[in-house]
Every structure is written in structure tokens, then in C-alpha cells.
Amino acid sequence: MLVDDNITNLAVGKNALVEQYDVYTVPSGDKFFKILEMVEPDLILLDVEMPVMNGYEVIKKLKADPARASIPVIFLTAKSDMHSELEGLSLGAVDYIAKPFSPPLLLKRVETQLLLEAQRRELQRYNSGLQKMVEEKTRAVADLQTAVFDLLTEVVEYRDDETGGHVSRTSIYFQIMVDSALRDAAFQDEILSWDIRMMVLSSRLHDIGKIAIRDSILLKPGKLTPEEFETMKLHTIYGADIIEKIEKSSPNRSFIDHAKVMALTHHEKWDGSGYPHGLAGADIPLAGRIMAIVDVYDALRSKRPYKMPISSEQAAEIIIQGSGTHFDPQLVEVFREVAASFEKVSDLA
Ligand SMILES: [Fe+2]
């Protein structure tokens with residue numbers, strides 16, 4: 001599209017290009033925008049000095065329209081001083097041709113710009129294809145990871161059927177605790193460094209080690225003897241071992257790492273009296289400290305063969321009583337703020 005208020009210039013320009021291209025000649029900026037609604041040019045040759053709307057105003061308006069901003073513009077002008085050339089280029093023109101121009105030179109410069117534009121589009125197509133491919137692969141990996149979690153979760157629930165719903169409730173409580181702890185400056189930085197989606201999924205695997213505990217202990221309809229309880233404690237270590245095996249065969253080893261940490265440390269206690277390693281205080285990973293509160297709360301609210309569920313108020317009270325001995329005191333404060341949300345989730349079960 002050739003835009004110039006001078007009819008002679010339009011004729012000369014069109015003559016130079018018409019053998020190779022379809023050329024639309026337009027006598028003003030105003031008409032140019034009207035024609036632009038019907039024709040999408042591959043390139044615009046634009047005169048600078050025009051009455052009413054000059055070339056600079058035309059290019060500014062054009063570049064402000066996202067649908068048309070990428071159409072290359074070459075300025076054509078008699079004003080060949082450095083200043084106007086720079087101004088034209090800074091407004092987004094791709095080239096600048098001084099009038100009077102030689103027709104073969106005009107043709108050559110137009111060809112060059114059209115070639116560049118074609119390459120730019122090709123590159124853009126290639127990039128968006130590449131980006132789409134990466135997105136699809138990423139989604140496939142995430143789907144596969146979720147499937148692994150779902151499968152493992154199902155295995156745990158199937159094996160430990162007494163605690164029906166525990167696994168899924170656990171991840172909801174865990175999410176509530178994480179959301180609330182995020183508002184606490186003491187935990188914010190660490191939580192923000194997590195892949196939170198993965199962490200929440202991982203919380204469902206904290207008891208995966210129970211699949212390695214014998215039925216006679218795992219499903220015993222009564223309190224465990226001290227020896228049986230010692231065996232039961234091993235579910236933390238078995239869990240970490242199982243997850244480590246999965247990790248070793250996964251190309252993305254970190255995806256399940258959170259699960260290992262939670263499986264291993266969810267029975268540790270703040271005062272060091274927990275198991276399996278008797279870790280204390282902040283030596284217990286944060287995810288394990290959160291899981292401890294979540295796990296105990298759900299166990300208290302659940303019916304077991306040897307006990308009835310207790311009320312949400314009593315369960316919350318026991319968590320609060322455990323502050324500083326069983327649980328991280330600062331996390332107990334976080335829990336107090338969301339105890340009502342815990343109650344709602346436990347009531348749904
Ligand atoms: Fe456990």
C-alpha cells in the first residue's frame with residue numbers, strides 16, 4: 001500500500017512495483033485507514049509530509065492497533081536529514097527511503113523488507129509451535145505425576161480401609177494450613193519456595209509405609225501391644241524407602257521428594273519425643289510439622305474400632321494443649337486461626 005498526497009509520486013511508485021506486486025495507491029492518511037478496514041497490506045510505503053494527517057501521525061495510529069502494529073512501514077520522504085530519519089525509525093518504521101528514489105532501488109528495498117517479514121512470521125510460527133509442544137509435554141508430565149499420586153493414594157486407602165477418607169481429608173487440611181501459614185512471616189519464605197501443588201498432593205502419601213505393615217497389626221481391632229507399636233512406627237521409614245524407590249526411577253526426581261519428607265517426619269514431636277529419629281524443634285522439616293497437626297486432628301475426629309470420634313472442639317483443644325510439646329507452637333497459632341475451617345471439612349466426612 002502506497003500512501004502519498006502527491007499524485008505523481010503515487011504513479012512513479014506504483015510503476016516501479018506493479019510488475020511484482022499488487023499496489024494500492026492512497027492519497028491521504030484518512031483514506032488509508034478506511035481502506036485498511038478492507039485490505040490487509042503486507043507492506044506500507046508512507047509519505048511523511050502530507051496535509052491533515054502526516055506520516056508520523058499515521059504510523060503512531062497504526063502502531064497503536066495491536067492487530068496491525070506488525071505490518072512493516074517504509075517511510076518515503078524528501079526530507080532526508082538525519083533528524084527526520086531517526087524520528088521515523090523510532091516510531092517503528094523498518095526503513096527510510098529518500099525521494100526522489102530510483103525505481104529499481106525502491107523495488108529492491110521492498111523485496112528485502114517483505115522477505116524479512118516472511119522470515120519473521122515463519123520464526124513466530126515455529127516458536128509458537130515449539131511453545132505448544134513444550135506446554136503439551138509439561139502437561140503430560142504433570143498428568144503422569146498426578147496419576148502416580150492417585151494410584152499410590154488408592155493403594156494406601158485400599159490397604160488401610162479402616163481410615164476411609166483420611167487420606168483425602170488430610171490433603172484438604174494440609175492445604176488449609178499452608179494457606180494460613182503463608183500469612184505468617186515465619187513460614188512465608190519457605191512455603192513460597194515449595195511447589196505447593198506437589199506438596200499438597202504429597203501429603204496424601206504420608207502413611208504409604210503402612211502398606212508394608214502386616215495385616216495382623218495394621219488391621220488389629222484394638223490397641224497395639226508395645227512390640228506391635230514398635231513395628232507400626234516403622235511405617236515412617238518404610239514410607240520413605242518406598243518413595244525413594246519411585247524417585248530413583250523417575251526422570252524428575254524432585255517431584256516426589258516432599259512426600260518422602262512427610263512420610264518420614266510426620267510422627268516427630270516438637271520436644272524430641274517422637275519417632276523414628278526423635279528430631280526436635282525446627283530440625284523437623286516444616287512439612288512434617290504441619291502434617292503432624294493435620295494427622296492428629298483427623299485421627300481424633302475419626303471413629304476407630306477401639307474409640308469413638310471426639311468433637312471438633314475437643315480435637316482443637318488437644319492440638320492446642322500439644323503446643324510446644326507435640327507440636328510447633330507457632331503452627332498451633334496458625335491452626336487456631338483455621339480451626340473453624342477444619343471443623344467444616346471434618347463435618348463433611
Ligand atoms: Fe502415620
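**Exercise 1. Place P100 in the chain and describe the peptide bond that leads into it.**

Step 1: P100 sits in the loop between β5 (95–98) and α5 (103–159). Helices here are DSSP runs of H or I with at least four residues, strands are runs of E with at least two, and both are numbered from the N terminus.
Step 2: The bond from K99 to P100 is cis, and its omega is near 0°.

Two notes before you go on. The model is predicted, so keep in mind that local features need pLDDT of at least 70, side-chain atom pairs count only at pLDDT 80 or more, and totals for chains, interfaces and linings use all residues. Residues are numbered from 1 along each chain as its sequence is written.

**Exercise 2. Find the loop that holds P276 and give the omega of the bond from Y275.**

Step 1: Look in the loop between α12 and α13 for P276.
Step 2: The peptide bond from Y275 to P276 is cis, with omega near 10°.

**Exercise 3. Is V52 buried or exposed, and what is its phi?**

Step 1: V52 belongs to the loop between β3 (44–47) and α3 (55–63).
Step 2: Its phi is near 65°, a positive value in a residue other than glycine.
Step 3: Count neighbours, with C-beta atoms placed from the backbone: 20 or more others within 10 Å make a residue buried, 12 or fewer make it exposed, and anything in between is partly exposed. V52 has 9 C-beta neighbours inside 10 Å, so V52 is exposed.

**Exercise 4. Check the span of α6 and say how many of its residues are buried.**

Step 1: The expected span of a helix is 1.5 Å times one less than its number of residues.
Step 2: Helix α6 (residues 166–181) has 16 residues, so it should span 22 Å; its end C-alpha atoms are 22 Å apart, in agreement.
Step 3: In α6, 12 of the 16 residues are buried, including I172, I176 and M177.

**Exercise 5. Describe how α6 packs on α13.**

Step 1: Two packed helices are described by the angle between their axes and the distance between the axes. Axes are lines fitted to C-alpha atoms, for helices over the stretch in contact, and angles run from 0 to 180 degrees between N-to-C directions.
Step 2: For α6 and α13 the angle is about 135° and the axes are 9 Å apart.
Step 3: The two helices are therefore oblique to each other; angles under 35 degrees count as roughly parallel, over 145 as roughly antiparallel, 65 to 115 as roughly perpendicular and the rest as oblique.
Step 4: Among the residues making the contact are Y173 and F174 of α6 and I290 and V294 of α13. Residues are in contact if their C-beta atoms, placed from the backbone, lie within 7 Å.

**Exercise 6. Do the same for α12 and α13.**

Step 1: The axes of α12 (residues 257–265) and α13 (residues 286–301) come within 8 Å and cross at roughly 55°.
Step 2: That angle makes α12 oblique to α13.
Step 3: H258, V261, M262 and T265 of α12 meet A287, G288 and M291 of α13.

**Exercise 7. Which residues does M199 contact, leaving aside its neighbours within four places in sequence?**

Step 1: M199 lies in helix α8 (residues 196–203).
Step 2: M199 is buried, with 22 other C-beta atoms within 10 Å.
Step 3: Its contacts, with those neighbours left aside, are V178, W194, H258 and A287.
Step 4: M199 and M262 are 63 residues apart along the chain, and their C-alpha atoms are separated by 9.2 Å.

Conventions:
Contact = placed C-beta atoms within 7 Å.
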